[in-house]
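Thanks for coming, everyone. I have one structure to walk through today. Please look at the screen.

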Amino acid sequence: MALDLTQLPKRDDANVGTMARGLVGSEILRIAAEIRELTAQGRKVCNLTVGDFSPREFPIPASLGQGIANALQAGETNYPPSDGVLDLRQSVQRFYERILGVKYPLEGIVIAGGARPIIYGTYRAVLDAGDTVIYPVPSWNNNHYTHMMGAKEIVVATHPDQGFMPTVEQLAPHLPQARLLCLCSPLNPTGTMISAEALQAICERVVAENRARQSRGQKPLILMYDHIYWTLSFGQAKHVTPVTLVPEVAQYTVFVDGISKAFASTGLRVGWGVGPPSIISRMRDVLGHVGAWAPKPEQVATARVLDDVAGTDEFLKTMRLRVDERLEALYQGIARMREAGLPVRAIAPQGAIYLSVQFDLVGKAGLQSNDAIRKMLLEKASFGVVPFQAFGLKDDTGWFRLSVGAVSMAEIQDALPRLEAAIRATLSAA
Ligand SMILES: Cc1ncc(COP(=O)(O)O)c(C=O)c1O
């Protein structure tokens with residue numbers, strides 16, 4: 001008979017260190033679990049919570065799936081090189097040259113098991129415990145990475161009128177204290193993008209700060225630019241990068257990127273970091289010890305997909321259209337409710353798979369917090385959304401993230417009247 005260990009305690013804080021004890025679990029996963037429960041009871045929920053894709057709505061490129069199967073068949077099952085399969089690093093190099101207009105040396109490109117290890121690797125390679133990270137909120141997971149590093153943080157709260165993007169005026173007073181500045185565009189959770197003017201001003205300030213530090217023999221301020229959603233931009237919004245705007249900032253900039261969002265491939269786990277070889281080579285060493293490589297068949301297949309210029313362009317165009325039509329439908333629906341006098345507003349979608357929506361209901365009908373609004377929308381309208389609190393924002397401002405990767409157009413069209421009815425019922429009960 002097997003030794004029965006099934007009763008081992010689920011929790012014993014004495015067993016773990018301070019960092020792990022203090023790490024906060026994902027708020028979004030908690031909400032997603034609530035929705036799963038409702039769905040299991042037979043409720044049809046318009047699930048706008050997960051930053052993921054439903055494979056039914058957004059399948060991966062057929063050539064990517066086939067390429068992975070072929071690579072497995074061909075026996076590509078041993079360790080990949082710790083900085084990634086050479087073919088893939090070369091195809092990332094060409095991809096950046098072709099679409100972004102920047103050519104990096106191969107030593108400036110490292111492959112990992114998704115974008116998360118690239119972020120972790122950047123924090124790990126740049127920071128010492130006690131160093132300071134500066135990042136705007138709302139933003140995705142910087143609070144958790146800062147915590148894992150034992151770093152200090154300076155959090156800059158942004159404003160809806162600036163599309164929740166930071167300005168140089170907000171950041172500049174804090175830059176002298178920081179070792180790492182984290183920016184993201186298109187931004188999770190807001191679906192907004194930084195303008196060329198705003199990013200250029202910030203990058204010029206980073207360069208000026210680093211010139212001053214160099215003359216004092218101090219370590220530079222590094223810029224982490226997470227642009228994992230850069231292929232998903234809509235309308236007039238144009239994705240810009242620090243290094244094309246201010247070439248001198250390239251020596252301090254690490255890009256975070258990968259196939260998760262661009263190719264609807266969150267489960268395949270292929271990401272890359274691009275930046276100065278002096279940082280990228282250390283990230284490779286850190287990630288090598290963690291073993292955070294992307295699986296080899298996925299790497300081999302991704303290289304082929306990126307090099308298929310016509311196929312990639314076509315796929316990315318279709319992704320953009322399909323994400324955009326969903327975001328537009330939601331945006332127009334919220335705009336109509338606003339015109340009808342309801343206390344709601346949305347920011348026009350610019351990029352990523354998200355829409356920022358304010359349900360301005362705090363203090364109305366007994367709703368005291370964003371979480372209370374979230375629960376009401378879920379219960380009364382089967383409308384699942386995530387409050388900005390899950391992205392580091394402290395105040396209950398009524399702002400929420402709506403994510404469209406896992407819903408069909410029909411689900412959105414069905415949900416909008418339910419949403420309107422629930423808001424009206426709540427207001428009339430007030
Ligand atoms: C802004 C941002 N960066 C990075 C990631 C992580 O991507 P990956 O799934 O490739 O680890 C996400 C995932 O949601 C994200 O929203």
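First, a term: two strands pair if DSSP finds at least two bridges between them. Helices (H or I, at least four residues) and strands (E, at least two) are DSSP runs, numbered from the N terminus.

Now the ground rules. This is a predicted model: local features need pLDDT of at least 70, side-chain atom pairs count only at pLDDT 80 or more, and totals for chains, interfaces and linings use all residues. Residues are numbered from 1 along each chain as its sequence is written, and side-chain values use heavy atoms, leaving out hydrogens and water.

Let's start with the sheet. It is open, with seven strands in the order β2-β8-β7-β6-β5-β3-β4 and mixed pairing. At the edges sit β2 (109–112) and β4 (152–157), each paired on one side only. Neighbouring strands are turned by 20° against each other on average, direction ignored. For angles, axes are lines fitted to C-alpha atoms, for helices over the stretch in contact, and values run from 0 to 180 degrees between N-to-C directions.

Now zoom in on β5, residues 180–184. Strand β3 (residues 132–137) pairs with β5 in the parallel sense over two bridges. There, Val 133 has Leu 180 as its bridge partner. β5 and β6 are also parallel, over five bridges. Cys 182 stands opposite Met 224 in β6. From β5 the chain crosses through α8 to β6, and this β-α-β crossover is right-handed. That means that, with the strands pointing away from the viewer, the path from the first strand over the helix to the second runs clockwise.

Is β5 buried or exposed? Five of its five residues are buried. Buried means under 20% relative accessible area, exposed over 50%, and partly exposed in between, with a 1.4 Å probe and protein chains only. Leu 180, Cys 182 and Cys 184 point one way, Leu 181 and Leu 183 the other. In a regular strand the side chains alternate between the two faces of the sheet.

Next door, β6 (residues 222–226) runs parallel to β7 (residues 253–258), with four bridges joining them. Leu 223 has Thr 253 as its bridge partner in β7. Helix α4 (residues 86–100) packs on the sheet, touching β2, β7 and β8 (271–274). Contact here means heavy atoms within 4.5 Å.

On to the core. A nonpolar core is a set of buried Ala, Val, Leu, Ile, Met, Phe, Trp, Tyr and Cys residues joined through side-chain atoms within 4.5 Å. The largest one has 136 residues, and Tyr 96, Tyr 123, Leu 181, Trp 272, Phe 359 and Phe 383 touch the most other members. Helix α13 (residues 309–339) gives the most, with nine residues.

Which domains divide the protein? They are domain 1 (22–51 + 314–429) and domain 2 (62–307). The bounds come from an automatic or database domain assignment. Their C-alpha centres lie 28 Å apart. The contact takes 27 residues from domain 1 and 31 from domain 2.

Last, some backbone details. Val 137 and Pro 138 are joined by a cis peptide bond, omega about 5°. The bond from Asn 188 to Pro 189 is cis too, with omega near 25°. Ala 264 has a positive phi, near 50°, and is not a glycine. At 8% relative accessibility, Ala 264 counts as buried. Arg 269 also has a positive phi, about 65°. At 24% relative accessibility, Arg 269 counts as partly exposed.
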